[in-house]
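Got your viewer open? Let's take a walk through this one, selection by selection.

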Amino acid sequence: MIDRTEAARDPEEARGPDRRWRITVLSLVPIVAVAALLGFGLGRNPSDVDNALVGTRAAAFALRDVHTGRTLRMSELRGHPVVLNFWASWCVPCIEEHANLISAWQRFGDTGVVFLSVMFEDSPANAADFERRWGAAGWPNLVDPGSRTALDYGVRGVPETFFIGPDGVIRAQHSGPVSYDIVAQDLAPLLKRSNPGMAAGAGP
């Protein structure tokens, strides 16, 4: 005998538990996807993340060199490969890379490559103390009031280094301390553009 109450029940209601389970699972899919993407991004090394400025023209600037007091403009450097390094005296990885930059400058400074440092949220006094402790840089060290130039270059933290071609276009970028080999590798194609036939050495 058929129970009239059961026969009158809405078929959707009869499948209620199963339907609610499917809705719950479907609602969790976007949450799981977002969590996976965040986990992937947070787990990546910042140096492995592509910088959107690579391939674009380097932002203009006019900054004062703490060594000479002279104002240096990006527009004056057209025709030269440029190694533009953002750093700070309070930055421990900056200590790690400092000797590497000095070695690279000693190797490539006479080939037309211009090395520049831009202080990030730091003072000339602290920069001078850093150089006394870890070695003087033979290239301009620029003051960046209000970190405006750092913002123009999308600096996410220091150290961060940009490799700019003689045409004024950013050709490579590296977040974190650079080694001598990284500098030599990223300068090689820029040197070929400015000095055809010249190869960047792999060692000091």
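Start with the whole chain in cartoon, and keep in mind that this is a predicted model. The protein chain exposes about 11,700 Å², with carbon and sulfur atoms supplying 57% of that area. Of its 204 residues, 38% are buried.

**Stop 1: the fold**

Color by secondary structure and you should pick out 7 helices and 7 strands. Trace the chain along its sequence and the order reads α-α-α-β-β-β-α-β-α-β-α-β-β-α. Now think about contacts between residues at least 6 apart in sequence: 72% of them join residues at least 24 apart.

For one example of a pairing across the sequence, select Glu-96 and Gly-176. They sit 80 residues apart along the chain, yet their C-alpha atoms are separated by 9.9 Å. Glu-96 belongs to helix H4. Is Glu-96 buried or exposed? Its relative accessible area is 54%, and the bar for exposed is over 50%, so Glu-96 counts as exposed.

**Stop 2: the main core**

Next, select Phe-61, Leu-84, Phe-86, Leu-116 and Tyr-153 and show them as sticks. These are the residues with the most contacts inside the largest nonpolar core, which has 29 residues. Strand E3 (82–87) is one of the elements giving two or more residues to this core, and the others are strand E4 (114–119), helix H5, strand E5 (141–143) and strand E6 (160–164). As a general backdrop, nonpolar side chains in soluble globular proteins tend to be buried together.

Keep Phe-86 selected and bring up what surrounds it. Skipping residues up to four places away in sequence, Phe-86 touches Val-118, Thr-149, Ala-150, Tyr-153, Val-155, Val-158, Pro-159, Glu-160 and Phe-162. Apart from this core lies another one, of 18 residues, including Phe-115, Ala-172, Ala-184 and Leu-187.

**Stop 3: Thr-149 and Ser-147**

One of the contacts of Phe-86 deserves its own click: Thr-149. Thr-149 lies in helix H6. Its relative accessible area is 5%, and since the cut-off for buried is under 20%, Thr-149 counts as buried. Beyond its neighbours within four places in sequence, Thr-149 is in contact with Phe-61, Leu-63, Phe-86 and Asp-144.

Now step back to Ser-147, in the loop between E5 and helix H6 (148–152). Ser-147 counts as buried because its relative accessibility is 11%, which falls under the 20% limit. Which residues does Ser-147 contact, leaving aside its neighbours within four places in sequence? Select Phe-120 and Glu-121 to see them.

**Stop 4: the cavity**

Last stop: switch on a cavity display. How many cavities of 30 Å³ or more turn up? The count comes to 1, with a volume of about 100 Å³. To frame it, select Asn-85, Trp-87, Cys-94, Glu-97, His-98, Leu-101, Ser-117, Phe-130, Glu-131, Ala-137, Trp-139 and Asn-141, which line the cavity. Strand E3 (82–87), helix H4 (92–108) and helix H5 (124–134) are the elements that give two or more residues to that lining. H4 supplies the largest share, with 4 residues.

Color the lining by residue class before you leave: it divides into 6 nonpolar, 4 polar and 2 charged residues.

Note on methods: Residues are numbered from 1 along each chain as its sequence is written. This is a predicted model: local features need pLDDT of at least 70, side-chain atom pairs count only at pLDDT 80 or more; totals for chains, interfaces and linings use all residues. Side-chain values use heavy atoms; hydrogens and water are left out. Buried means under 20% relative accessible area, exposed over 50%, partly exposed in between (1.4 Å probe, protein chains only). Contact means heavy atoms within 4.5 Å. Accessible areas come from the Shrake-Rupley method with a 1.4 Å probe; for residues, only the protein chains shown count as cover. On a 1 Å grid over the protein atoms alone, a cavity is a set of points where a 1.4 Å probe fits but cannot get out, and a pocket is an open set with protein on both sides within 12 Å along at least five of seven lines; lining residues have an atom within 4 Å of a point. Grid points are joined across faces, edges and corners, and a volume is the space filled by probe spheres set on the points. Ala, Val, Leu, Ile, Met, Phe, Trp, Tyr, Cys and Pro count as nonpolar, Asp, Glu, Lys and Arg as charged, and the others, Gly among them, as polar. A nonpolar core is a set of buried Ala, Val, Leu, Ile, Met, Phe, Trp, Tyr and Cys residues joined through side-chain atoms within 4.5 Å.
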